[in-house]
Amino acid sequence: MSKPTVLIIDDEPDILELLDMTLGRMNVSTQSATTMEQALSLLRSNDYALCLTDMRLPDGDGMSIVRHIQQYCPCTPVAMITAYGSLDTAINALKAGAFDFLTKPVDLQRLRELVSSALKLHQTPAPTSGDESQDPLLGISPPIERLRNQIGKLARSQAPLYISGESGSGKELVARRIHALGPRAEQAFVPVNCGAIPSELMESEFFGHRKGSFTGAVADKPGLFQAANHGTLFLDEVADLPMAMQVKLLRAIQEKAVRPLGTQQEESVDVRLLCATHKDLANEVAEGRFRQDLFYRINVIELRVPPLRERREDLPLLTRHILGKLAKRNGQPAPQITANCMELLCNYRFPGNVRELENALERAFTLCENQRIETTDLHLSNAPASSQDESQDLSQINHLEDFLDNIERQAITQALEETRWNKTAAAKRLGLTFRSLRYRLKKLGLDD
């Protein structure tokens, strides 16, 4: 089997020599380019397992290399080498599609970890949306297909990712899928509910502690960061972190190191960070409840999980799947669901999303007679299924809300098209503040 080859783009001889020697010891071949013109020529005629590019080049910049690779060599991971402290540059590179970044002076251990992750990506074919057998995201609707495609791309990056979405929409499921399709799939996936950890135990839980560091610390204990080392750390409900913990989390992310309680020594950690919350994190920042610098670091890329009401055509498939799972768990045949019952489900807006659907179907599965689920078995909140008139009223209200959403969507889209997608100008034309327009774009799923 031939050695993988890495393209190194840098005009500093010392850096080229250091990277070449380090990768050589990893049994990796290298080719080098000292200008953008030379690099583009090599990229046109060769396939590479990884590209490492400096930000500043004599005839261009590394961001142009990142964009070129994204367009013409999408299966080649590219990492940016930036000057120490140039976090803005690194974050912009990640947003443009870079796999990861390194800062100068280059930390050799960090370099080896980055190269190892990239080579795993190179050895694994890019995931496709047709991978139905392993895909836990059920659905055929355009929003879920778009989400699948985004997950496939984002799984190949190491960029911090913020997963937004309403409660019960499946944010942890999405996080697990990103982990499973990425180069860290064989390592740990560590989910954390930030709102469930008492504030006085938070630092110990996140970073670990040494024996005797506080009353009750009878033994050394690794923290969640250490447990997720080389894998993925998923911080759910990150908006619930107290301000003091936000400061410590920001430092851990920036330094890629944590300091357990009871010691002055830091431990290096290598984690892919995924965060989620059902709250509007930008609004939490505006209200002073969430640090802007931390928001900037964890929100490098945002992935929106659509609510169930935006993908109603997936409801029959989801319903059959959930009922089949319940039947298997209870050792019973799957019950039938009446046409009226399915119509009620398809017209309901599901404020609790897929979680609410699962709970409603589990109740119905337990209560139904003769293996047949009727509307009276569902007990949907704010939807008294015992009254056909009330069900019809609910359907009409839902259709009216959808109708109004569509009118708003058309007006905003028209304003954006007329202003060539200049959001500031579009907001002015619509008589809205920029912030109000941004909120509506997000609500209507137009913020891609």
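In this predicted model, residue E200 lies in the loop that links strand 9 (189-193) to helix 8 (202-207). Is E200 buried or exposed? Its relative accessibility is 65%, and because a residue over 50% is classed that way, E200 counts as exposed. A second residue, D293, is 93 residues away from E200 along the chain, and the C-alpha atoms of the two are separated by 23 Å.

The next part to look at is a sheet. Five strands make up this open sheet, and their order across it is 2-1-3-6-7. The pairing is parallel. In general, the strands of a sheet pair through backbone hydrogen bonds, in either a parallel or an antiparallel way. At the edges stand strand 2 (29-33) and strand 7 (100-104), each of which pairs on one side only. On average, and with direction ignored, neighbouring strands here are turned by 20° against each other. Strand 7 runs parallel to strand 6 (residues 78-83), and five bridges join the two. Within this pair, M80 is placed opposite F101 of strand 7.

Helices also lie on this sheet. Helix 1 (residues 13-25) packs on it and touches strand 1 (5-9), strand 2, strand 3 (50-54), strand 6 and strand 7. The direction of helix 1 makes about 165° with that of strand 1. Helix 2 (residues 36-45) lies across strand 1 and strand 2, and runs at about 135° to strand 2.

Further along the chain, two pairs of helices can be followed. In one pair, helix 13 (residues 315-330) packs against helix 14 (residues 339-347) at an angle of about 120°, and their axes are 10 Å apart. This crossing is right-handed. From helix 13, the residues L315, P316 and T319 meet M342, L345 and C346 of helix 14. Five of the residues in this contact are nonpolar and one is polar, with no charged residue.

The other pair is helix 17 (residues 423-430) and helix 18 (residues 434-443), whose axes come within 9 Å and cross at roughly 100°. Why are these two helices described as roughly perpendicular? Angles of 65 to 115 degrees are classed in this way, and helix 17 and helix 18 are therefore roughly perpendicular to each other. On the side of helix 17 the contact involves K423, T424, A426, A427 and L430, which meet F434, L437 and L441 in helix 18. The residues of this contact divide into six nonpolar, one polar and one charged.

Definitions and conventions: Residues numbered from 1 in each chain as written. Predicted model: local features only at pLDDT ≥ 70, side-chain atom pairs only at ≥ 80, totals over all residues. Heavy atoms only, no water. Axes fitted to C-alpha atoms, helices over the stretch in contact; angles between N-to-C directions. Helix = DSSP H or I, 4+ residues; strand = E, 2+ residues; numbered from the N terminus. Left-handed = near helix turned anticlockwise from the far one by under 90°. Contact = heavy atoms within 4.5 Å. Nonpolar A, V, L, I, M, F, W, Y, C, P; charged D, E, K, R; others polar. Buried < 20%, exposed > 50% of the residue type's maximum accessible area, 1.4 Å probe, protein only. Parallel < 35°, antiparallel > 145°, perpendicular 65-115°, else oblique. Pairing = 2+ DSSP bridges.
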